[in-house]
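Good morning, and thank you for coming. I should like to take you through one model and its ligand; please look at the structure as it comes up.

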Amino acid sequence: MKNILVIGAAGQIGSELVPYLRKIYGDNHVIATFNRTPLPAEISEAGPTAQMNATDGNSMYQVIKKYNIDAIYNLVAVLSAKGEANPPLSWKINMETTFNCLENMKEVKGAVFTPSSIGAFGLTTPQDQTPQDTIMRPSTIYGISKVAGELLADYYHLKYGVDARGVRFPGIISNVTMPGGGTTDYAVEIYYEAIKNQKYTSNLKAGTFLDMMYMPDALAAAVQIMEADPAKLIHRNCFNVTAMSFDPEIIAAAIRKHIPEFVLDYNVDPVKQAIAESWPNSMDDSCARAEWGWKPEYNLETMTIDMLEKVAAKLK
Ligand code: AKB
């Protein structure tokens, strides 16, 4: 039985990944860590937790030893738009956390999941059906830290046998914990505003296509890549994974099927717009499909039905 450490358990993905992992591996085998943001009661009351600053390698090591950890899900990151407001902080948090996870798991030759992102690509990357192996010259500090994290993970696998794996996540849409500081956040906010005010002002222009995925598929992807048979993996790390690609007009049209009076207008944020334009319109995730059976369940229509129902119940 594995003992798993989830770093960043209070965040958008972590707050849903912890209960998902506890269902699979048992409550006491999944340790949820947090730093400044307290954990929701559903997490802190159901299993072990630890307060830890992930940029402090020694305090991470103490937690790893205490709970006999053999796998880490490393979910701490300053996202793309927030990173541009404070590049040194973004670099420090994103890189030191990834480095500490890999370095600490060297001794036990454990496993580390670190998500990369569509943010690892840049303006010179082919933008449609972006291949798995292609040009990667990102123009954000977040993207640069993601490319460096991908390379670091490969390095620790080759040099020290750390079982470092990951995927390149697109924008993740969810209804439990809000994302914060990302370029793709609009695709979450739009559902909340559609329910609350039947109106949303997009900070990205019409025609800005980005890859997206609903949270249940993101959770499945994270666990499936960590459980995949290593003999079948040609790539071990940073697989392109996607479920859908849309622009603000297309997601608004999907919402309008359920809320006909919904209105979309625009107030473009130049920082987010420039970031979005440097990212793929759509990724080719055929390597993930071929090597470990990746197949998302949700498309825009099924996700929209579920999001509107869950957000409406939450806001009641
Ligand atoms: C962001 O927008 O920064 C993130 C991402 C796609 O990595 N959601």
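How many residue pairs are in polar contact across the interface of domain 1 and domain 2? The rule finds 11 such pairs, both residues at pLDDT 80 or more. A polar contact here is a pair of N or O atoms within 3.5 Å; within protein, one must be able to donate a hydrogen and the other to accept it, and residues adjacent in sequence count only if both atoms are side-chain atoms.

A word on the basis of these values. This is a predicted model, in which local features need pLDDT of at least 70 and side-chain atom pairs count only at pLDDT 80 or more, while totals for chains, interfaces and linings use all residues. Residues are numbered from 1 along each chain as its sequence is written, and side-chain values use heavy atoms, with hydrogens and water left out.

Let me turn to the domains. The chain is divided into domain 1 (4–170 + 214–240) and domain 2 (175–212 + 244–281 + 298–315), with bounds from an automatic or database domain assignment. To their contact, meaning heavy atoms within 4.5 Å, domain 1 gives 24 residues and domain 2 gives 27. The count of salt bridges between domain 1 and domain 2 is 0, a salt bridge being a side-chain nitrogen of Lys or Arg within 4 Å of a carboxyl oxygen of Asp or Glu.

Now to the ligand. Both domain 1 and domain 2 give residues to the shell around the ligand, so the ligand lies between them. Among the surrounding residues are Leu79, Ile118, Pro170 and Trp279. The side chains of Ser80 and Tyr142 each place an N or O atom 2.6 Å from an oxygen atom of the ligand. Thr184 has a polar side-chain atom 2.9 Å from a nitrogen atom of the ligand.

Terms used: A residue is near a molecule or strand if one of its heavy atoms lies within 4 Å of it.
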